[in-house]
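Trainee: I am new to this structure and would like to go through it with you slowly, one question at a time.

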Amino acid sequence: MFHRTLRRQMSVAFAIGVATTVVLNLGHALGAQLSSDPHLALEQSVPEADASVGHRLEEVRLFFSQPPQLAGTSIRVVDARDHLMEATAAEADSDDPSVVFIRLEGALAAGTYTVHWRALAQDNHPVNGDFGFAVVTE
């Protein structure tokens, strides 16, 4: 009788161990799947961060991982003294709505500039950032 009880307890313990392993593996797999879902992120820009460009720069383009909500998206360019450069409102590219751009209203003087951007994901999650570039005269 003692051996039967011990054998049953070992079987139950083994079953619990297998069930725990399965649950942990499913949780890990589900967590990996959820974390691999793409979130809105800036993938590329024109001009690129820390680039040197000519004074004929006409627009700033941001390439996102997915289309942002345009109503919650802004792009601002400021000079080294934090003066805002005049530009149009942010627009989505008609060929690719994950690309948002502004048109600068005038040539930029030689110097350093910072692009401040904010975008609103489709799930209403805001993201923002900034990067710099330099304008050089030829």
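The questions below deal with a core, a loop and the end of a strand in this predicted model.

Trainee: Which residues have the most contacts inside the largest nonpolar core?
Mentor: This core has 23 residues, and β3, β4, β6, β7 and β8 each supply at least two of them. Those with the most contacts inside the core are V60, V77, L108 and F133.

Trainee: Which residue in contact with F133 is joined to V46 by a cis peptide bond?
Mentor: Leaving aside neighbours within four places in sequence, F133 is in contact with a list of residues that includes P47, D50, V77 and L108. A cis peptide bond, with omega of about 5°, joins V46 to one of these. That residue is found in the loop between β1 (42–46) and β2 (52–54), and it is P47.

Trainee: Is D50 buried or exposed?
Mentor: D50 lies in the loop between β1 and β2, and it has a positive phi of about 65° although it is not a glycine. Exposed means over 50% relative accessible area. Because D50 has a relative accessibility of 69%, it counts as exposed.

Trainee: Is V136 buried, partly exposed or exposed?
Mentor: V136 lies in strand β8, which covers residues 126–136, and leaving aside neighbours within four places in sequence, V136 is in contact with S52, V53, G54 and H55. Buried means under 20% relative accessible area and exposed over 50%, with partly exposed in between. The relative accessible area of V136 is 39%, so this residue is partly exposed.

Terms used
Residues are numbered from 1 along each chain as its sequence is written. This is a predicted model: local features need pLDDT of at least 70, side-chain atom pairs count only at pLDDT 80 or more; totals for chains, interfaces and linings use all residues. Side-chain values use heavy atoms; hydrogens and water are left out. Helices (H or I, at least four residues) and strands (E, at least two) are DSSP runs, numbered from the N terminus. Buried means under 20% relative accessible area, exposed over 50%, partly exposed in between (1.4 Å probe, protein chains only). Contact means heavy atoms within 4.5 Å. A nonpolar core is a set of buried Ala, Val, Leu, Ile, Met, Phe, Trp, Tyr and Cys residues joined through side-chain atoms within 4.5 Å.
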